[in-house]
Structure formats: structure tokens, C-alpha cells
Amino acid sequence: MPKVLIPSLEALNEWIGREVALSDWLAVNQERIDRFAEATGDRQWIHVDPARAAAESPYGGTIAHGYLTVALIASLMLDSLEVGGCRMVINYGINRLRFLTPVRSGDQVRARFTLAALEAIKGGVQLLWTVSVEIEGQTKPACVAEVVYRLYE
């Protein structure tokens, strides 16, 4: 998908209540899952042991950590959306988060970003995004979240 370019922080007002961006697909392979496990110390077999996961898990193989899926939201957003006049972006938090479908090793994911609310703050704006992380070929998303970002001029 082409990157959405919004010319300024003020121009974000036109997007409130609308889908702003849809990211490209991103592969979630075993190497990415293993690197996340090493970085976080979460080496549960359902994520890092393909043989055991194939034999014992209800998913038929390894799955990504839920927090890996959440962590990908930031990069999927940066790859699909740019706001002009913004010198710094801060991930300010998550209001709501639900994991609906596991991401299996080898799946492709993408994210839909809808701007739910915008609030002026000192030096910038605070944005509330509704995000749906989709799995290629699945009808139910991997996760849905309300994420809060602060953009500074």
C-alpha cells in the first residue's frame, strides 16, 4: 500500500472517525518469534519449540507472542503513515487491547488505523487510534487495540 502523507498536525482533524491507513503485509516467521523470545525472556514452548508445538499445541505449530503482535503496531504505522511537521512521535499507551486470533509462525499480518480522537497538548497533539491487526486469510483479526500516540511539532 502507498504510504499516507498527511501534511501537518492540523490536517489530522480531517481524519477523525475515518480509516487513515492500511499497512502492507508483514511476515511473522519463526526467526522473528525467536528473536522476540530472546529479547523478552519469554521462551514458552508454544512460541519457540516447533516440534513440540506441532505435536501438543491446538494450533498445529508455534504462534507469535501476543505482545510481539502488539509491538508490530508501531512499525506497521510508521511504514504506512507520515505526518508532516512532526519532529517526534511518542507511544503514550494502550487503553484497550484484545487478542482474538493467534498469529501462527509463517502468517502475514497487516494493520488498519482509524483515528478515533485528537486532542491538543502542549507542543503537539495526542491521538487515539483504533487499530485492527489482520492475519492474511483469516476473517477474525489477531488483535484489536486502542493505542495512544503523542506527536510533537
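**Entry 1: an exposed tyrosine**

I opened with Tyr67, which has 58% relative accessibility and therefore counts as exposed. A reminder to myself before going further: this is a predicted model.

What does Tyr67 pair with? I looked at its ring and found an aromatic pair with Phe99. The arrangement is edge-to-face, with 6.0 Å centre to centre and 85° between the planes. Tyr67 belongs to helix 4 and Phe99 to strand 5 (residues 88–99), so the pair ties together parts that are 32 residues apart in sequence. I checked the partner's cover too: Phe99 has a relative accessible area of 42%, so I noted it as partly exposed.

**Entry 2: the other ring pair**

Next I turned to Phe113 and Trp129. Their ring centres are 6.3 Å apart and their planes stand at 85°, so I wrote this pair down as edge-to-face. Phe113 is in strand 6 and Trp129 in strand 7, so here the parts tied together are 16 residues apart in sequence. Are these two residues buried or exposed? Both Phe113 and Trp129 are buried. My tally of aromatic pairs stops at two.

While I had rings on screen, I looked for charges over them. The charged end of Arg18 sits over the ring of Trp15, 4.2 Å from the ring centre. Arg150 does likewise with Tyr92, its charged end lying 3.8 Å from the centre of that ring.

**Entry 3: stepping back**

Time for the overall layout. I counted four helices and eight strands, and along the sequence they read β-β-β-α-α-α-α-β-β-β-β-β. The C-alpha trace spans about 55 × 30 × 25 Å along its principal axes.

The protein has 153 residues, and 43% of them are buried. About 8,200 Å² is exposed, with carbon and sulfur atoms supplying 50% of that area. I also looked at how far contacts reach: among those between residues at least 6 apart in sequence, 69% join residues at least 24 apart.

**Entry 4: following the strands**

I started from strand 6, since Phe113 was already on my page. Strand 2 pairs with strand 6 in the antiparallel sense over three bridges, and Phe113 turns up again as the bridge partner of Ala21. Strand 3 (residues 26–28) is also antiparallel to strand 6, joined by three bridges; there Val28 stands opposite Asp107.

How many bridges join strand 6 and strand 7? I found twelve, again antiparallel. Leu115 stands opposite Trp129 in this pairing. The two strands form a hairpin with two residues between them, and Gly123 takes a positive phi near 85° there.

From strand 7 I moved on to strand 8. These two pair antiparallel over ten bridges, with Ala145 in strand 8 as the bridge partner of Val131. Strand 5 also pairs antiparallel with strand 8, over ten bridges, and Arg96 has Glu146 as its bridge partner. Strand 8 is mostly covered, with eight of its ten residues buried.

**Entry 5: the core**

In soluble globular proteins, nonpolar side chains tend to be buried together. I went to see which ones gather here. The largest nonpolar core holds 38 residues, and the members touching the most others are Ile6, Leu12, Val20, Phe113 and Trp129. Elements giving two or more residues to this core include strand 1 (4–6), helix 1 (30–40), helix 4 (66–80), strand 6 (107–121), strand 7 (124–135) and strand 8 (143–152).

I picked Leu12 for a closer look. Which residues does Leu12 touch, not counting those up to four places away in sequence? My list reads Ile6, Val83, Leu115, Leu118, Val125, Leu127 and Leu151. Leu115 on that list is the residue I had already noted opposite Trp129.

**Entry 6: back to helix 4**

I closed where I began, in helix 4, this time at Thr69. Is Thr69 buried or exposed? Its relative accessibility is 6%, below the 20% limit, so Thr69 counts as buried. In helix 4, then, I have an exposed Tyr67 and a buried Thr69. Leaving aside neighbours within four places in sequence, I found Thr69 in contact with Ala64, Val103, Val133, Ala142 and Cys143.

Technical notes:
Residues are numbered from 1 along each chain as its sequence is written. This is a predicted model: local features need pLDDT of at least 70, side-chain atom pairs count only at pLDDT 80 or more; totals for chains, interfaces and linings use all residues. Side-chain values use heavy atoms; hydrogens and water are left out. A nonpolar core is a set of buried Ala, Val, Leu, Ile, Met, Phe, Trp, Tyr and Cys residues joined through side-chain atoms within 4.5 Å. Buried means under 20% relative accessible area, exposed over 50%, partly exposed in between (1.4 Å probe, protein chains only). Contact means heavy atoms within 4.5 Å. Rings of Phe, Tyr and Trp (its six-membered ring) pair if their centres lie within 6.5 Å; planes under 30 degrees apart count as stacked, over 60 as edge-to-face and the rest as tilted. A charge sits over a ring if NZ of Lys or CZ of Arg is within 6 Å of the ring centre and within 35 degrees of the ring normal. Accessible areas come from the Shrake-Rupley method with a 1.4 Å probe; for residues, only the protein chains shown count as cover. Two strands pair if DSSP finds at least two bridges between them.
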